[in-house]
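Visitor: I am new to this structure and would like to understand the reasons behind the words used for it. Could you show it to me before we begin?

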Amino acid sequence: RKNFWCKSTQVQADDFRNDTFEGITSFTAHPEGTAEVHAEFPDGTKIPINYINLSYSQKHEFATGNITSFYAINSPCFKDNELIPIDTEMQQFGTHVILITNVQKFFARLQAKLEELNFNCSHKLVKYFDEKAFTEKITPYHKRSMYKYQNEFRVFIDSRQLDSMTIELGSLEDISVIALSNDIHKLKMRLDDAGETATPYR
């Protein structure tokens with residue numbers, strides 16, 4: 001049994017782009033049961049309620065940085081050396097996609113530009129957690145399992161600001177290909193014999 005303070009709040013709905021849990025520092029899921037809720041009455045009346053899914057999260061009081069995200073095409077995306085079709089839900093993000101064909105060169109350029117601007121950054125794959133059975137500290141690289149189809153690779157920039165950022169990298173024509181989002185599920189790629197490099201083909 002837990003005690004919680006409840007307050008009526010207006011919550012923006014989750015969708016493919018807006019995650020209302022973005023930026024939290026911890027997440028605690030509670031199994032089905034009963035909780036005593038302290039309603040905001042002058043006499044401090046306690047109201048017992050039954051719940052099915054109850055979770056508690058904490059969030060930073062200030063912005064810790066900026067995030068930019070990519071769909072990761074990595075080894076788990078392949079079966080028998082063939083690319084598993086990308087989820088069509090990814091088409092919601094826009095009419096076109098940019099496929100980075102040389103990831104090492106792309107991140108070398110990004111890192112050099114951020115160093116020029118005196119920003120530190122880190123990057124890794126997002127870990128998706130079960131929001132019904134998870135109790136752990138949260139990093140910028142955690143996200144709820146409802147977003148698992150996005151297979152996200154994140155870059156976190158330690159900017160300590162709320163405003164969005166634009167990083168100018170110049171032309172990416174030599175290391176990228178532009179395609180229609182509606183065609184992304186048709187993308188075909190193979191892994192090399194070492195399982196390290198993915199090559200697009202028609």
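Visitor: How many helices and strands does the protein chain have?

Guide: This is a predicted model, and in it the protein chain has one helix and 17 strands. Of its 202 residues, 27% count as buried, and the accessible surface comes to about 14100 Å², with 51% of that belonging to carbon and sulfur atoms. Among contacts with a separation of 6 or more, 70% are between residues 24 or more positions apart.

Visitor: What makes phenylalanine 70 and phenylalanine 106 an aromatic pair, and why is the pair called edge-to-face?

Guide: Rings pair if their centres lie within 6.5 Å, and planes over 60 degrees apart count as edge-to-face. For phenylalanine 70 and phenylalanine 106 the values are 5.5 Å centre to centre and 80 degrees between the planes, so both conditions are met. The pair links distant parts of the chain, with phenylalanine 70 in strand β6 (residues 66–71) and phenylalanine 106 in helix α1 (residues 103–116), 36 residues apart.

Visitor: Is phenylalanine 70 buried, partly exposed or exposed, and how do you know?

Guide: Buried means under 20% relative accessible area and exposed means over 50%, with partly exposed in between. Phenylalanine 70 has 27% relative accessibility, and therefore counts as partly exposed. Phenylalanine 106, on the other hand, has a relative accessible area of 6%, so it is buried.

Visitor: Why is the pair of phenylalanine 70 and phenylalanine 107 called edge-to-face?

Guide: The ring centres of phenylalanine 70 and phenylalanine 107 are 6.2 Å apart and their planes stand at 70 degrees, so the pair is edge-to-face. This pair, too, links distant parts of the chain, from phenylalanine 70 in strand β6 to phenylalanine 107 in helix α1, 37 residues apart. Phenylalanine 107 has a relative accessible area of 16%, which is under the 20% limit, and therefore it is buried.

Visitor: Which residues do ring pairs link into a cluster?

Guide: The cluster is made of Phe70, Phe106, Phe107 and Phe153, linked by ring pairs. The count of aromatic pairs comes to four.

Visitor: What makes lysine 143 a charge over the ring of tyrosine 147?

Guide: One part of the rule asks for a distance within 6 Å of the ring centre, and lysine 143 lies over the face of tyrosine 147 at 4.8 Å from the ring centre.

Visitor: Which strands of the open sheet are called edge strands, and why?

Guide: Three strands form this open sheet, in the order β6-β14-β10, and their pairing is antiparallel. The edge strands are β6 and β10 (121–125), as each pairs on one side only. Neighbouring strands of the sheet are turned by 20 degrees against each other on average, direction ignored.

Visitor: How do you know that β10 and β14 pair?

Guide: Two strands pair if there are at least two bridges between them. β10 and strand β14 (residues 152–157) have five bridges, in the antiparallel sense, and therefore they count as paired. At one place in this region, serine 122 has phenylalanine 156 in β14 as its bridge partner. Helix α1 lies across β6, β10 and β14, and runs at about 20 degrees to β14.

Visitor: What is noted about the phi of asparagine 81?

Guide: Most residues other than glycine have a negative phi. Asparagine 81 is not a glycine, yet has a positive phi of about 65 degrees. Asparagine 81 is found in the loop between β7 (78–79) and β8 (82–83), and its relative accessible area of 39% falls between the two limits, so it is partly exposed. Asparagine 151, in the loop between β13 (142–144) and β14, also has a positive phi, of about 40 degrees, although it is not a glycine.

Visitor: Why does proline 85 count as exposed?

Guide: Proline 85 has 58% relative accessibility, which is over 50%, and so it counts as exposed. Its place is in the loop between β8 and β9 (96–100). Proline 85 and lysine 188 are 103 residues apart in sequence, while their C-alpha atoms are 8.0 Å apart in space.

Notes: Residues are numbered from 1 along each chain as its sequence is written. This is a predicted model: local features need pLDDT of at least 70, side-chain atom pairs count only at pLDDT 80 or more; totals for chains, interfaces and linings use all residues. Side-chain values use heavy atoms; hydrogens and water are left out. Helices (H or I, at least four residues) and strands (E, at least two) are DSSP runs, numbered from the N terminus. Buried means under 20% relative accessible area, exposed over 50%, partly exposed in between (1.4 Å probe, protein chains only). Contact means heavy atoms within 4.5 Å. Accessible areas come from the Shrake-Rupley method with a 1.4 Å probe; for residues, only the protein chains shown count as cover. Rings of Phe, Tyr and Trp (its six-membered ring) pair if their centres lie within 6.5 Å; planes under 30 degrees apart count as stacked, over 60 as edge-to-face and the rest as tilted. A charge sits over a ring if NZ of Lys or CZ of Arg is within 6 Å of the ring centre and within 35 degrees of the ring normal. Axes are lines fitted to C-alpha atoms, for helices over the stretch in contact, and angles run from 0 to 180 degrees between N-to-C directions.
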